[in-house]
Amino acid sequence: MKIIFTISRLLLGAIFLFFGSNLFLNFLHAPMPTGTMGQFSGALFASHYIYAVALFQVVPAILLLINRYVPLGLALLAPVIVNICLVHILMAPSGLPVAALVVILWCLVAYPVRTAFAGLFQKRVSN
């Protein structure tokens, strides 16, 4: 199981480092999508909000790759992954297989460190 965890952590980190870096450096040169997805992407680029998205992909990816603060990296990636899934469900269904792969990898990496998230699932907070 440790090997699966390590491979999943490295693969998840590599995916987000690669695609997050692409948002900064634009080395893939993909054409702008059309329709609703194109409008959404255009707004992200025009407002420069895409750089915040890239930052929240690159920093946790580095944490995963160097095997430091893995729960923090997972916590930072979780909302990004939710947004990726929603974008692909609502606007670009062709990307759903990759989104599903990322969700599976996230779950595989999160399982061994699940105790780090135990405090989030408390019914009440004691004062």
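## A quick tour of a five-helix chain

Let's start with one residue: setting aside its neighbours within four places in sequence, Ser8 is in contact with Leu105, Leu108 and Val109. Keep in mind that this is a predicted model. The chain has five helices and zero strands, so the pattern to follow along the sequence is simply α-α-α-α-α. Below is a walk through Ser8, two helix pairs and a small group of aromatic rings.

**The chain as a whole**
- The C-alpha trace of the chain spans about 45 × 35 × 25 Å along its principal axes.
- Out of 127 residues in the chain, 32% count as buried.
- Take the contacts between residues at least 6 apart in sequence: 68% of them join residues at least 24 apart.

**Back to Ser8**
- You'll find Ser8 in helix α1, which covers residues 2-25.
- Is Ser8 buried or exposed? Its relative accessibility is 4%, and buried means under 20%, so Ser8 counts as buried.
- Ser8 and Ala110 sit 102 residues apart along the chain, yet 9.8 Å separates their C-alpha atoms.
- Ala110 also turns up among the α5 residues that meet α4, and so does Val109, one of the residues in contact with Ser8.

**Helices α1 and α3**
- Helix α3 takes in residues 49-65, and α1 packs with α3 at an angle of about 150°, their axes being 8 Å apart.
- Angles over 145 degrees count as roughly antiparallel, and α1 and α3 are therefore roughly antiparallel to each other.
- The crossing in which α1 passes α3 is left-handed.
- On the α1 side, the contact is made by Arg9, Leu10, Leu12, Gly13, Ala14, Phe16, Leu17, Phe19, Gly20, Ser21, Leu23 and Phe24.
- On the α3 side, the contact is made by Ile50, Tyr51, Val53, Ala54, Leu55, Gln57, Val58, Ala61, Ile62, Leu64 and Leu65.
- Sorted by class, the contact of α1 with α3 has 18 nonpolar, four polar and one charged residues.

**Helices α4 and α5**
- Helix α4 covers residues 70-90 and helix α5 covers residues 96-110; the two pack at an angle of about 160°, with axes 10 Å apart.
- That angle makes α4 roughly antiparallel to α5.
- The crossing of α4 and α5 is left-handed.
- From α4, the residues in the contact are Val70, Leu74, Leu77, Ala78, Ile81, Ile84, Cys85, His88 and Ile89.
- They meet Leu96, Ala99, Val102, Val103, Trp106, Val109 and Ala110 in α5.
- What classes of residue does the contact of α4 with α5 have? There are 15 nonpolar, one polar and no charged residues.

**Aromatic rings**
- How many aromatic pairs does the structure hold? There are three of them.
- One of the pairs is Phe18 with Phe19: the ring centres are 5.0 Å apart and the planes stand at 85°, so this pair is edge-to-face.
- Ring pairs also bring in Phe27, linking Phe18, Phe19 and Phe27 into a cluster.
- Phe18 counts as partly exposed, at 37% relative accessibility.
- Phe19 is partly exposed too, with a relative accessible area of 41%, and Phe19 is also one of the α1 residues in the contact with α3.

Notes
Residues are numbered from 1 along each chain as its sequence is written. This is a predicted model: local features need pLDDT of at least 70, side-chain atom pairs count only at pLDDT 80 or more; totals for chains, interfaces and linings use all residues. Side-chain values use heavy atoms; hydrogens and water are left out. Axes are lines fitted to C-alpha atoms, for helices over the stretch in contact, and angles run from 0 to 180 degrees between N-to-C directions. Helices (H or I, at least four residues) and strands (E, at least two) are DSSP runs, numbered from the N terminus. Angles under 35 degrees count as roughly parallel, over 145 as roughly antiparallel, 65 to 115 as roughly perpendicular and the rest as oblique. A crossing is left-handed if the near helix is turned anticlockwise from the far one by less than a right angle, and right-handed if clockwise. Contact means heavy atoms within 4.5 Å. Ala, Val, Leu, Ile, Met, Phe, Trp, Tyr, Cys and Pro count as nonpolar, Asp, Glu, Lys and Arg as charged, and the others, Gly among them, as polar. Buried means under 20% relative accessible area, exposed over 50%, partly exposed in between (1.4 Å probe, protein chains only). Rings of Phe, Tyr and Trp (its six-membered ring) pair if their centres lie within 6.5 Å; planes under 30 degrees apart count as stacked, over 60 as edge-to-face and the rest as tilted.
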